[in-house]
Amino acid sequence: MEPLKVKSTAGAAKIAGTLMSLAGLLLLSLYKGVPLTHQEAAALSPATHHADGSGDRSWMLGTMALLANCLCFSFWLLLQTRLTKKYPAIYSSTALMFFISTLQGGALTVAVERRASRWMLTSKLEIVTVLYAGIVGSGAGYLIMTWCVEKKGPVFTAAFIPIIQIMVATIDFFFLHEQIYLGSVLGSALMVLGLYLVLWGKKRDETSPVSCATNKQVDEEAENKQ
């Protein structure tokens, strides 16, 4: 595991950067703010509200599910650190992981949705979406993340995860012509600044001679346990 030196400048920078990225992610996800683009369309479009409060309940349920997903993903990154040391073949380990995930996801989907019509792909867009999500989004994406965890560790890999929100907002604006809100801009700025602090602290920590000696000792202890 990566040591965290709170009293050092590098450790304080990594902690501050992590908290800043988390604040930016929460701000981007939970706070909308005023629209910065297409303000005329936003003023003309009527706001939709759910009188029964079902929309608020669904929003809260989705937020809790996303937080649980982030927690499980953090544990996955930590497990990958141990896995890549004991089983360095990342291609076969990723293939086995997705084979087991396919069995689990298929069993859960069959239990929830048993109508065969829902399983049929009826358009080219659906086929392309499924292939892209399976090959690029899942297969290649998790393979690259496993390789990054093996080379740089879980903290370095996790620091880039919030950038996904910025890329989604950018694609929405340029390709789908969605609006850009104040919360998206402020949250993205906080995440970029937090990412810079984390990477700066990690780089400074790696160049420190004390840190290099500590990491070498940790690696030797791990090899002796194996």
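Is Lys85 buried, partly exposed or exposed, and at what relative accessibility? This residue is taken up in the fifth of the legends below, which describe a predicted model.

**Figure 1. The whole chain is built from helices, without strands.** The predicted model contains nine helices and zero strands. Followed along the sequence, the elements give the pattern α-α-α-α-α-α-α-α-α. The chain has 226 residues, of which 20% are buried. Among contacts with a separation of 6 or more, 81% join residues that stand 24 or more positions apart.

**Figure 2. Helix α1 packs against helix α8.** Helix α1 spans residues 9-30, and helix α8 spans residues 182-207. The axes of α1 and α8 lie 7 Å apart, at an angle of about 160 degrees. Angles over 145 degrees count as roughly antiparallel, and α1 and α8 are therefore described as roughly antiparallel to each other. The crossing of α1 past α8 is left-handed. Sorted by class, the residues of this contact comprise 16 nonpolar, 11 polar and four charged.

**Figure 3. Leu22 is a residue of helix α1.** Leu22 has a relative accessibility of 45% and so counts as partly exposed. Between the C-alpha atoms of Leu22 and Leu190 there are 8.6 Å, although these residues are 168 apart along the chain.

**Figure 4. Helix α7 meets helix α8.** Helix α7 covers residues 163-174, and its axis comes within 9 Å of the axis of α8. The two axes cross at roughly 140 degrees. In passing α8, α7 makes a left-handed crossing. From α7, the contact involves Ile163, Gln165 and Ile166; from α8, the participants are Ser188, Met191, Val192 and Leu195. These residues divide into five nonpolar and two polar, with no charged residue.

**Figure 5. Lys85 belongs to helix α3.** Helix α3 runs over residues 54-86. With a relative accessibility of 44%, Lys85 counts as partly exposed, because that class lies between the buried limit of 20% and the exposed limit of 50%. A separation of 65 residues along the chain divides Lys85 from Glu150, yet their C-alpha atoms are 7.8 Å apart.

**Figure 6. Ser93 is a buried residue of helix α4.** Helix α4 extends over residues 90-112 and includes Ser93. The relative accessibility of Ser93 is 11%; values under 20% count as buried, so Ser93 falls in that class. Once residues up to four places away in sequence are set aside, Ser93 touches Leu83 and Tyr87.

**Figure 7. The largest nonpolar core consists of five residues.** Its members are Phe73, Trp76, Leu77, Met145 and Val149. Helices α3 and α5 each supply at least two residues of this core, α5 being the helix of residues 124-152. The greatest contribution comes from α3, with three residues. In soluble globular proteins, nonpolar side chains tend to be buried together.

**Figure 8. Met145 is one of the residues of the largest nonpolar core.** Which residues does Met145 contact, leaving aside its neighbours within four places in sequence? The partners are Phe73, Trp76, Thr157 and Ile161. Phe73 and Trp76 also belong to the largest nonpolar core.

Conventions. Residues are numbered from 1 along each chain as its sequence is written. This is a predicted model: local features need pLDDT of at least 70, side-chain atom pairs count only at pLDDT 80 or more; totals for chains, interfaces and linings use all residues. Side-chain values use heavy atoms; hydrogens and water are left out. Axes are lines fitted to C-alpha atoms, for helices over the stretch in contact, and angles run from 0 to 180 degrees between N-to-C directions. Helices (H or I, at least four residues) and strands (E, at least two) are DSSP runs, numbered from the N terminus. A crossing is left-handed if the near helix is turned anticlockwise from the far one by less than a right angle, and right-handed if clockwise. Contact means heavy atoms within 4.5 Å. Ala, Val, Leu, Ile, Met, Phe, Trp, Tyr, Cys and Pro count as nonpolar, Asp, Glu, Lys and Arg as charged, and the others, Gly among them, as polar. Angles under 35 degrees count as roughly parallel, over 145 as roughly antiparallel, 65 to 115 as roughly perpendicular and the rest as oblique. Buried means under 20% relative accessible area, exposed over 50%, partly exposed in between (1.4 Å probe, protein chains only). A nonpolar core is a set of buried Ala, Val, Leu, Ile, Met, Phe, Trp, Tyr and Cys residues joined through side-chain atoms within 4.5 Å.
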